[in-house]
Amino acid sequence: MSEANPFESLQEQVDDAAAYLDVNEDVIGRLKHPERVLELTLSVELDDGTLEQFRAFRSQFNGDRGPYKGGIRYHPNVTRDEVKALSGWMAYKCAVVDIPYGGGKGGIVVDPSEYSTAELERLTRSYATELRPFVGPERDIPAPDVNTGQREMNWFKDTYETLERTTAPGVITGKAKSSGGSAGRIEATGRSVMLAAREVFDYLGTDIEGATVAVQGFGNAGSVAAKLIDDLGASVVAVSDSSGAIYDPDGVDPRAVKSHKAETGSVSDYGDAEAKTNEELLTLDVDLLVPAALENAIDGDLARDVRADVIVEAANGPLTPDADDVLTERDVRVVPDILANAGGVTVSYFEWVQNRQRFPWTEARVNDELESVITSAFDELVDAFESHDVPNLRTAAYVVAIRRIVESYREGGNWP
């Protein structure tokens, strides 16, 4: 994995797009930094009665278009700059799919596999307590991210509601349905990756049916994307997780691989598939590559060995700017993360709307609305790509997003 600073990568992406817009440099400067970053030290009692300190963060990037929105990740490599970058990507992601949110992101420096359920609950409730003055249905709405899910969101919601002495299901999204969550939320990110893949193949005049696919990262987003792309008739020939990769030129069954991982803890040793490294997976000769792990998976050096024709980013920031330059020169089409994985935040928005109305939607309605949002956003991205003469689809996406955020900023003005 590259050591590129993700926050610097974000700023470079903004600068690349700004070159194609008539926006003053001082306004662009405003759009390259978070409005605030909260840094915390959480003291949590462990099961043996001792106290342990955990570093934690929450970044709020831009609120011109609405309340801040973004996930909470639990990972030992969480850093301040990573959280700042992720909150920025979220602001532009919300703008590119035109939902009324700004960008937020949070994280705790922790390996959750090393702690009990009770310890993780106390950690989550401690974090929620510290964030309480800064979050709320009209302020900042967290959601799941790496190593968090419905369980942590339910704990967060309960903590907030208990301290505020109210009911506020819209304070957080990605909850269990019984706690106000939305149908379709678990599969939302992977579903938008599938929709983006379908749309880009159609745009390129290529049939996705029969296409070969490699998926790096077989967590929620990657496994769902693999399953749904397989349903389109593509052939998933390789998948990976932190244990390594498996490859079968005749294709693997993503549903069977998921069951195997649930039973064994990894995708390794699945059937007769050949073992590969994650790096080998990223350089397989396939039609479609889906990086669905963490940021900086492909740098400029590795990009020279990538043989996929199309890349659809399920992870946030899986390509460094150097990798983007190399792939653009090689005419590899990349559907950027701020569109491809926007299904998660889009259905989180639907969940927030349902919470505010206290009226749940059916899964069919959620999926139909999501498809409409993603396909419309892809059409607008293509229009920007063709009309602004930008080098790639990522720059086109940022052109669309920056234009929308700047318009909101200009309408509201700058508070002194």
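**Exercise 1. Work out how helix 7 and helix 8 are arranged, and which residues touch.**

Start with the axes: those of helix 7 (residues 220–231) and helix 8 (residues 254–264) come within 9 Å and cross at roughly 155 degrees. Axes here are lines fitted to C-alpha atoms, for helices over the stretch in contact, and angles run from 0 to 180 degrees between N-to-C directions. Helices (H or I, at least four residues) and strands (E, at least two) are DSSP runs, numbered from the N terminus.

A quick word on the model: it's predicted, so local features need pLDDT of at least 70 and side-chain atom pairs count only at pLDDT 80 or more, while totals for chains, interfaces and linings use all residues. Residues are numbered from 1 along each chain as its sequence is written, and side-chain values use heavy atoms, leaving out hydrogens and water.

Next, name the arrangement. Angles under 35 degrees count as roughly parallel, over 145 as roughly antiparallel, 65 to 115 as roughly perpendicular and the rest as oblique. The crossing angle therefore makes helix 7 roughly antiparallel to helix 8.

Now the contact (heavy atoms within 4.5 Å). Helix 7 brings Ser 223, Ala 226, Lys 227, Asp 230 and Asp 231, and helix 8 brings Pro 254, Arg 255 and Lys 258. Sorted by class, that's two nonpolar, one polar and five charged residues. For the sorting, Ala, Val, Leu, Ile, Met, Phe, Trp, Tyr, Cys and Pro count as nonpolar, Asp, Glu, Lys and Arg as charged, and the others, Gly among them, as polar.

**Exercise 2. Do the same for helix 6 and helix 13.**

The axes of helix 6 (residues 188–203) and helix 13 (residues 343–357) come within 7 Å and cross at roughly 125 degrees. So helix 6 is oblique to helix 13. Ala 188, Thr 189 and Ser 192 of helix 6 meet Gly 343, Gly 344 and Val 347 of helix 13. The class count for this contact is two nonpolar, four polar and no charged residues.

**Exercise 3. Find the largest nonpolar core and follow Ile 402.**

A nonpolar core is a set of buried Ala, Val, Leu, Ile, Met, Phe, Trp, Tyr and Cys residues joined through side-chain atoms within 4.5 Å. Buried means under 20% relative accessible area, exposed over 50%, partly exposed in between (1.4 Å probe, protein chains only).

The largest core has 90 residues, and Tyr 92, Ile 229, Val 312 and Ile 402 have the most contacts inside it. Helix 15 (residues 393–412) gives the largest share, eleven residues. Setting aside neighbours within four places in sequence, Ile 402 touches Val 14, Ala 17, Ala 18, Leu 21, Ile 28, Leu 31 and Tyr 92.
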